[in-house]
Amino acid sequence: MIWSKLNWLIILLLSVVTSLSNGERPCWKKMVQDGMVCVCNGSYCDSYDPVDKVDHGKVVLIQSSNAGDRLSKKTITINSKPSNKIVLTFDDKQKYQKITGFGGAFTDSATFIINNVSAKLRMKIMNSYYAQDGNAYSMGRVPIASTDFSSSPYTYDDNNDKPDFDLKHFSLFPEDLRYKIPTIKLANKIAKKPIKLVATPWTAPSWMKTNNKLIGKGSLKGQPGDRYHQSWANYFIKFLDGYAKQGVTFWGITAQNEPTDGNTPNFEFQCMGFEPDTERDFIKKDLGPALAKHNYSHVNLIILDDNRPLLPAWAIKILKDKDAKKYVKGIGIHWYLDVLVPVTVLNVTHYLFPDVFILATEACTGTSLLDTPGPVLGSWARGVRYSTSIIDDLNNFVVGWLDWNLVLNLQGGPNWVKNYADSPIIVDTKNDVMYKQPMFYHLAHFSKYISPGSIRVGIKGNVNDTKIVGVVDSNRGVVVIMNPNPSMRKYSLKVAEGYIDINIPGDAIQTYIFNLSKKN
């Protein structure tokens with residue numbers, strides 16, 4: 001009872017602060033096992049106004065830190081001379097890729113949780129991700145049928161393992177109709193613009209596969225161009241049609257989630273194997289023509305959707321074939337084996353195929369053999385991993401970055417094979433409370449302040465052991481810098497109006513927003 005009264009007192013005090021701060025609501029801080037989280041319930045959740053205007057000669061500075069800052073905002077003045085020894089230059093004449101956006105995945109598990117909390121908490125979760133005073137997510141990933149983050153394995157045409165080449169028994173699942181689709185529609189209602197959605201299959205029905213199972217080592221039966229492959233391509237069309245009838249359309253679709261998983265003996269959850277040549281031939285003989293025939297050529301077809309050590313070889317094998325390349329718009333990458341190859345392999349891939357975008361389609365923590373499994377509440381280090389990956393990717397021609405599950409429970413599920421993971425928002429379903437992890441705020445420093453359509457630009461100078469990226473967003477510049485070190489780092493950034501002093505504390509991330517031109 002005392003704790004309950006204390007909670008309400010905290011909420012009341014926070015509400016008073018809110019009334020004095022232009023609508024912003026500060027983080028309700030709670031110290032937990034590995035640091036600090038921000039607590040939200042049906043009555044209160046932190047929120048942060050967008051930066052709509054920056055005065056000439058000024059810079060808006062947003063900071064989050066391991067010391068407890070969460071998107072804290074202040075205005076600083078641009079100086080006529082540099083104050084720090086190391087001088088960097090914001091080079092908006094050196095332009096690179098256009099940014100598509102940031103987001104997370106509408107998995108069965110995430111959308112089940114979102115639809116099984118109170119209506120008030122549901123809105124707090126969704127506003128936190130999609131509202132302009134939240135993270136302003138602009139993208140999302142949607143599994144085609146089940147994944148490990150489902151209550152059980154299924155496809156849309158299991159048909160008791162009997163062949164159904166005409167897909168007469170194809171049907172969306174209750175998970176789509178009750179959870180995924182309503183959540184996507186709510187996200188689109190809240191977001192400033194419709195979310196760019198990317199669809200991804202994990203497996204074909206067992207009757208289509210060489211091992212007759214949804215899991216384990218197995219690929220499509222037959223050869224590209226035959227009835228198995230044509231039926232599988234038409235399965236994509238049935239999915240797109242089914243969601244379109246429910247009012248949900250897609251910006252992109254991948255040929256297969258992690259195609260190397262299905263080449264792995266005894267792989268424990270849904271998967272299907274492709275080699276680069278079989279994915280190439282499936283695209284040019286089956287999937288590409290099916291998308292074109294059914295008026296889905298506008299849906300961006302994405303290859304690979306697997307870990308980056310497979311580049312550039314996977315892309316070369318597919319995109320050097322003109323009959324396959326004409327259907328392909330993008331390359332999807334995952335981060336789980338990034339340690340094996342340098343990030344510059346993305347740069348190499350871009351220059352080989354500059355007209356094909358690279359999109360980071362999945363990342364999460366708490367799943368590797370070297371990591372604590374499942375959620376670690378308050379882990380700043382996991383947030384640092386997110387920002388490191390995002391900055392490195394953006395600096396090597398990646399156009400956007402998609403997180404895995406939008407939310408998970410305290411265990412890191414539900415997951416039918418107990419392959420638990422962490423998420424930027426962890427929900428205590430029993431007490432109808434959610435915890436915003438440091439990962440959530442690390443993501444916000446990008447998704448909230450770098451708009452879709454922004455252009456990455458050059459930053460000249462040596463930042464040594466910090467990470468930095470810059471973009472032009474309409475008529476202003478945005479710079480995100482992350483310091484993973486325990487002590488402060490100092491720089492002066494040369495911009496059109498003078499010099500911005502960057503003094504970033506240890507274990508902190510900052511976003512700087514400023515005008516690109518001098519006042520007339």
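Helix H10 runs to 15 residues and covers 21 Å from its first C-alpha to its last, close to the 21 Å expected at 1.5 Å a residue. This is a predicted model, and the helix spans residues 380-394. At the start of H10, serine 379 puts a side-chain oxygen within 3.2 Å of the backbone nitrogen of arginine 382. Not much of H10 is left uncovered: 12 of its 15 residues count as buried. Among them are Trp380, Arg382 and Tyr386, along with a run at the far end made up of Ser389, Ile390, Ile391, Asp392, Asp393 and Leu394.

As for the sheet, 8 strands close up into a barrel, going round in the order E6-E7-E8-E9-E10-E11-E12-E13, with parallel pairing. On average, neighbouring strands here are turned by 25 degrees against each other, direction ignored. H10 packs on this sheet, where it touches strands E6 (101-105), E11, E12 (357-362) and E13 (398-405). Relative to E13, the direction of H10 comes out at about 155 degrees.

One of the strands touched by H10, E11, takes in residues 328-334 and is joined by 6 bridges to E10, residues 300-307. The two strands run parallel. Within this part of the barrel, asparagine 307 sits opposite histidine 334 of E11.

On confidence, the protein chain has a mean pLDDT of 95, and 96% of its residues get to 70 or more. Residues 1-5 are another story: pLDDT stays under 50 there, and the model shows 0 contacts for them beyond four places in sequence.

Note on methods: Residues numbered from 1 in each chain as written. Predicted model: local features only at pLDDT ≥ 70, side-chain atom pairs only at ≥ 80, totals over all residues. Heavy atoms only, no water. Pairing = 2+ DSSP bridges. Helix = DSSP H or I, 4+ residues; strand = E, 2+ residues; numbered from the N terminus. Axes fitted to C-alpha atoms, helices over the stretch in contact; angles between N-to-C directions. Contact = heavy atoms within 4.5 Å. Expected span 1.5 Å × (residues − 1). Buried < 20%, exposed > 50% of the residue type's maximum accessible area, 1.4 Å probe, protein only. Polar contact = N/O pair within 3.5 Å; in protein donor to acceptor, adjacent residues only side chain to side chain. pLDDT = per-residue confidence, 0-100.
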